[in-house]
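Colleague: Hi! Could you walk me through this model? I'd like to hear about packing and empty space.

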Amino acid sequence: MALTGLILFNVANSIAVLVLLSLGLGVIYGMMKIINLAHGEFLMLGAYTTVVSTNAGLNLWVAMLIAAPVAVGLFGLLVERLFIRFLYGRMIDTMLATWGLSLAVIGLITTIFGNTVRGVAAPFGGFAIGGYQTSLYSLFVIAVAAVMAAGLWLVLRFTRFGLIVRATMQNPNMAAALGAPPPQIYMVTFALGSALAGLAGGVLAPVSGVSPVMGSAFIARAFITVLGGGPAIVTGTGLASTLFGGISEVATFLTTPVFGQVALLLAALIMIRILPQGITGRLLRRSL
Amino acid sequence: MTGWASFVAMVAAGLALLFGLPMVFDLFGLLQMTVFVAMAVLALSQGFIWGYGGVMSFGQTAFFGLGGYTYAVAVLNMGDSTVPVLLSVLVPTLFAALLGYFMFYGRISDAYIGVITLTVTVILFNVVNSTAGDFYTIGNAALGGFNGMPSVPPLNVPGDPSSPLDPEQTWYAAMGALILVYVLLRMILASRFGRVVVAIRENETRAQLLGYDTRLYKLVVFAIGGGIAGLGGCLYTNWGSFISPTVFGLAASAQVLIYVLVGGLGTLLGPILGAFGIQYLISLIGTQEAVNANLVLGAILVVFVLLVPQGVVPVVRGLFRRVPNGRRGRVAEAAVVEP
């Protein structure tokens with residue numbers, strides 16, 4: 001019984017981590033059809049912001065939940081202005097350019113902070129499920145993921161900004177004709193996606209080693225989740241996270257974490273063969 | 001230049017380098033050129049499937065690394081290097097075919113193909129990285145995890161394990177392989193099959209309407225590219241008698257794209273020159289401390305995508321080939337037709 005509880009908790013945690021990792025990417029991809037290959041580095045920058053500002057004496061919660069998203073959001077804004085905006089509509093070129101950005105950011109951070117692993121101590125202690133001890137921080141990660149997904153959904157569904165964003169997503173020309181200039185919407189959305197990535201990086205900093213190359217550990221999962229989810233940002237990412245997170249956690253439990261990732265990839269390959277447009281490309285098409 | 005003239009000129013230049021470089025360089029220089037050649041083979045595979053097949057593989061190093069590991073495992077078990085070399089081409093070809101089946105028959109878009117191939121590389125990296133320890137041995141070969149596989153036996157005279165190639169002979173083997181791959185690709189591109197492949201790149205729907213099964217053509221192109229990349233991996237492993245999971249790393253995958261993009265998309269010469277140029281640049285960066293290689297490579301990639309998306313070779317060709325009445329369309333057209 002306790003073991004089942006533990007596994008369920010781990011599955012939930014694994015799903016939450018996937019949601020955190022991929023929501024920022026999903027916003028940018030869903031809105032602009034841009035696959036941001038520097039997404040892992042955006043997460044990494046969020047994590048570094050958290051580490052650096054905590055070391056500078058900032059409260060961990062402020063660093064994690066405010067400083068990280070703001071800093072990375074501003075960085076995303078800068079990136080969008082500097083070169084993404086010249087590449088709209090050229091999907092492969094944006095992938096290449098953001099990949100170049102990813103390498104450059106890794107190089108820059110390595111130059112500044114050195115190629116070492118840093119970390120911040122995870123707050124809270126642990127709690128017990130039956131005879132098993134587990135981390136209370138995981139519960140916090142789950143909560144943040146849930147709040148993030150729900151918040152994004154509420155914003156997209158009920159605010160004026162959300163309405164404009166959805167309209168631009170459906171038909172940019174029509175939105176422009178009605179007075180919502182797509183370039184501005186894209187700029188804001190890119191910054192929003194970056195901020196979400198920064199927040200995710202900050203929240204995951206205590207549970208993962210913070211190093212210049214930490215992004216590459218995350219991006220494979222993030223990409224698979226976003227592509228598997230399909231066009232609907234929140235629902236798609238949520239469903240794909242649930243599916244892939246569940247599969248990888250069960251495989252991890254049965255074998256090793258690495259083969260958990262392999263199982264995740266195989267599941268994604270099979271799903272792309274069956275549902276090339278992602279889950280929400282076929283099912284629940286009108287969701288958000 | 002017409003097709004035949006450029007073909008003869010390229011092969012002649014290749015042969016001149018093959019026999020000329022050992023006279024010009026000392027052993028160290030020649031060794032460095034050998035690894036450049038291995039990278040050039042990898043670049044050719046990427047240049048072929050991307051520039052001609054229009055298949056956006058972001059993980060060509062998956063096949064490169066797979067070829068390298070296949071060679072290492074096989075040669076440690078067999079002793080004689082003849083069959084391992086063949087396996088190092090065959091295994092990545094089959095793997096590419098399998099992966100290609102899921103991707104092309106799923107009819108996913110180019111961007112998805114990029115992401116899937118990238119993901120495959122990342123996951124191979126994680127898997128091979130975790131294979132440290134005695135449990136992960138294949139026959140006599142320990143995979144070694146993140147430490148890689150040291151002291152892989154070198155190539156030997158086919159069928160005679162007791163006479164391994166010395167570094168100079170390895171140069172001949174590597175450069176010879178590069179020339180062979182180039183000739184093979186030129187022949188493929190000149191054939192009916194190659195024309196269909198280019199037609200699919202130009203307009204996939206039109207090719208389908210003309211009755212070609214574009215999925216199958218792309219699959220075959222992808223598999224050929226996988227095999228060539230595997231050969232490159234085999235040469236690379238030979239060069240250092242060593243292979244480690246870093247060959248699957250993201251930085252390595254990006255490098256290959258940079259070779260092709262800088263050299264010139266839609267040419268065969270471009271990727272080769274790109275590989276030599278970028279590798280030389282990396283070895284220069286390696287000799288100093290101030291600038292990080294990733295930073296430079298990333299900047300190069302961004303700059304080329306934004307400012308010179310067609311690459312160096314087509315631009316230079318365009319300069320030489322500008323017709324008197326200045327029809328700029330000729331430049332792009334020439335880049336499309338002639339490798």
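Colleague: Is the crossing of H4(A) and H10(B) left-handed or right-handed?

Modeller: The crossing of H4(A) and H10(B) is left-handed. Keep in mind that this is a predicted model.

Colleague: Sure. Which residues make that contact?

Modeller: On the H4(A) side they are Leu96(A), Trp99(A) and Leu103(A). H10(B) brings Leu250(B), Ala251(B), Ser253(B), Ala254(B), Leu257(B), Ile258(B) and Leu261(B). By class, that contact splits into nine nonpolar residues, one polar and no charged.

Colleague: And at what angle do the axes of H4(A) and H10(B) cross?

Modeller: At roughly 130°, and the axes come within 11 Å. H4(A) covers residues 91-113 of chain A. Because of that angle, H4(A) counts as oblique to H10(B).

Colleague: Let's switch to pockets. How much space lies in the largest pocket?

Modeller: About 1,100 Å³. The largest pocket is lined by 44 residues, and the closest to its centre are Thr246(B), Gly249(B), Leu250(B), Ala251(B) and Ala252(B).

Colleague: Which helix gives the largest share of that lining?

Modeller: Helix H10 of chain B, residues 250-263, with six residues. That's the helix we just discussed: Leu250(B) and Ala251(B) are part of its contact with H4(A), and both are also among the residues closest to the centre of the largest pocket.

Colleague: Nice. What classes of residue line the largest pocket?

Modeller: There are 27 nonpolar, 16 polar and one charged.

Colleague: What about cavities? How many of 30 Å³ or more are there?

Modeller: Six cavities of 30 Å³ or more. The largest cavity holds about 50 Å³ of space.

Colleague: Where is the largest cavity, in terms of helices?

Modeller: In chain A, helix H1 (2-32), helix H9 (215-229) and helix H10 (233-254) each supply at least two residues of its lining. Among the lining residues are Gly26(A), Tyr29(A), Gly30(A), Val226(A), Pro231(A) and Thr237(A). By class, the lining of the largest cavity has five nonpolar, six polar and no charged residues.

Colleague: One more on packing. How do H4(B) and H9(B) pack?

Modeller: H4(B), residues 82-105, and H9(B), residues 214-240, pack at an angle of about 145°, with their axes 7 Å apart. The crossing of H4(B) and H9(B) is right-handed.

Colleague: And which classes of residue make up the contact of H4(B) with H9(B)?

Modeller: That contact has 16 nonpolar, six polar and two charged residues.

Key
Residues numbered from 1 in each chain as written. Chains lettered and ligands numbered in written order. Predicted model: local features only at pLDDT ≥ 70, side-chain atom pairs only at ≥ 80, totals over all residues. Heavy atoms only, no water. 1 Å grid on protein atoms, 1.4 Å probe; cavity = no way out; pocket = protein on both sides within 12 Å on 5 of 7 lines; lining within 4 Å. Points joined across faces, edges and corners; volume = space filled by probe spheres on them. Helix = DSSP H or I, 4+ residues; strand = E, 2+ residues; numbered from the N terminus. Nonpolar A, V, L, I, M, F, W, Y, C, P; charged D, E, K, R; others polar. Axes fitted to C-alpha atoms, helices over the stretch in contact; angles between N-to-C directions. Parallel < 35°, antiparallel > 145°, perpendicular 65-115°, else oblique. Left-handed = near helix turned anticlockwise from the far one by under 90°. Contact = heavy atoms within 4.5 Å.
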